[in-house]
Amino acid sequence: MSLRVLVGCKRVIDYAVKIRVKPDKTGVVTDGVKHSMNPFDEIAVEEAVRMKERKIASEVIAVSCGPSTSQETLRTALAMGADKAIHVEVDPKDYSNMQPIHVSKILAKLAKDEKIDVVIVGKQAIDDDANQTAQMTAAFLDWPQATFASKIEKDGDHLKVTREVDGGLETIKVKLPAVISSDLRLNEPRYATLPNIMKAKKKPIDKKKPVDLGVDLSPKIEVISVEDPPVREAGAKVKDVDELLAKLKELGRI
Amino acid sequence: MSQRSQVINVYKKLLYLGKDWPQGYHYFRDRCKRAFNKNKHVVDEKQINAMIERAEFVVKEIEALYKLKKYRTLKKRYYE
């Protein structure tokens, strides 16, 4: 039995970019900022492609929700080895209110429509750090979930997944179909090379609208304020050990 | 593939990788171009082959560098 795999990939601000908060505190500056695929989703795509290379999976489908720019992310996924892609087109206006719950509903619907056996997503996106999509997708589908995966093996009709938990690893067996979220140590994603990006342009991208999938995008959460983290305070130099001890005592540290 | 197109090919690969260079694309392009220009008078086939091989090696190294940089940044942000 070979599996059909659905991978979610989100377009986020590149990990190397210095994030700036908008002056009105409604969000962060995204215009003219370099974007790329969420690194945890890259790991998810890589795992799906490796499953295909090991003949565990038969087809890898990449999904992204967002405005037309999300197609760049899908191209990257296709260049990494996904077979086809689905772009769920969301208005830029609606996209700013889009939350993990909406993405989960979309993924769940697509997983049913495409007769998917395994859904793999990154454990969290590096922009909102929500860590909710995998869990909620599993709930909507009523499928077992294996979150924070650091190793995935096929074991008959089951998957044996090693999970990263506090202070160690946990190995669980999940029945298929299942939802998996990838952790950082699952694999090392390959670099999408130039020739592969060119070849990926020939692979198909399906376009869908949230309305077609029966998903209502009205927000469930209101963002009240987005603020910069506190700035680190400057340190002070001390002349000798005695002064250091005196200062520490003054602060009540010793 | 002729040697000439092999060289052009690897040069393009390098430029593509240069887009993600930490100090910016221009920094990378200038230095990459200089490195190629320095050897433009070489005619010996064997020597050119060795140079192409070296360039391919650099491509692999840069890919590895980017991967490592990303991994380390994420590890630092989420796991420490």
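For these notes, buried means under 20% relative accessible area, exposed over 50%, and partly exposed in between. I'm working from a predicted model.

**Entry 1: a cross-chain salt bridge**

I started with A:Glu42, which has a relative accessible area of 12% and is therefore buried. Its salt-bridge partner is B:Lys70, with the closest N and O atoms 2.8 Å apart. I checked where the two ends sit: the pair crosses between chains, from helix α1 (residues 39–53) of chain A to helix α3 (residues 45–79) of chain B. B:Lys70 comes out at 19% relative accessibility, so I logged B:Lys70 as buried too.

**Entry 2: the wider salt-bridge search**

How many salt bridges does a search of the whole structure find? I got 24 over all chains. I then pulled up A:Glu114 with A:Arg4, where the closest N and O atoms are 3.6 Å apart. A:Glu114 is in the loop between α4 (100–113) and β6 (118–122) of chain A, while A:Arg4 is in strand β1 (residues 3–8), so this pair ties together parts that are 110 residues apart in sequence. On accessibility, A:Glu114 is buried at 12%, and A:Arg4 is partly exposed at 22%.

Next I looked at B:Arg29 and B:Asp30, a salt bridge whose closest N and O atoms are 3.8 Å apart. Both ends are partly exposed: B:Arg29 has 30% relative accessibility and B:Asp30 has 36%. Back in chain A, I traced shared partners and found that A:Arg4, A:Glu59, A:Lys84, A:Glu114 and A:Lys208 join into one network.

**Entry 3: rings**

The aromatic search over the whole structure gave me five pairs. One of them is A:Phe40 with B:Tyr78, edge-to-face, 5.7 Å centre to centre and 70° between the planes. Why does this pair join two chains? Because A:Phe40 lies in helix α1 of chain A and B:Tyr78 in helix α3 of chain B. A:Phe40 is buried at 0% relative accessible area, whereas B:Tyr78 is partly exposed at 24%.

I also noted B:Trp21 with B:Phe28, a tilted pair at 5.1 Å centre to centre with 50° between the planes. B:Phe28 is buried, at 10% relative accessibility. B:Trp21 and B:Phe28 belong to one aromatic cluster along with A:Tyr191 and B:Tyr66.

**Entry 4: charges over rings**

Last, I looked for charged ends sitting over rings. I found A:Arg185 over the face of B:Tyr79, 4.8 Å from the ring centre. I also have B:Arg31, whose charged end sits over the ring of B:Tyr27 at 3.7 Å from its centre.

Conventions
Residues numbered from 1 in each chain as written. Chains lettered and ligands numbered in written order. Predicted model: local features only at pLDDT ≥ 70, side-chain atom pairs only at ≥ 80, totals over all residues. Heavy atoms only, no water. Salt bridge = Lys/Arg side-chain N within 4 Å of Asp/Glu carboxyl O. Helix = DSSP H or I, 4+ residues; strand = E, 2+ residues; numbered from the N terminus. Buried < 20%, exposed > 50% of the residue type's maximum accessible area, 1.4 Å probe, protein only. Phe/Tyr/Trp six-rings, centres within 6.5 Å; stacked < 30°, edge-to-face > 60°. Lys NZ or Arg CZ within 6 Å of the ring centre and 35° of its normal.
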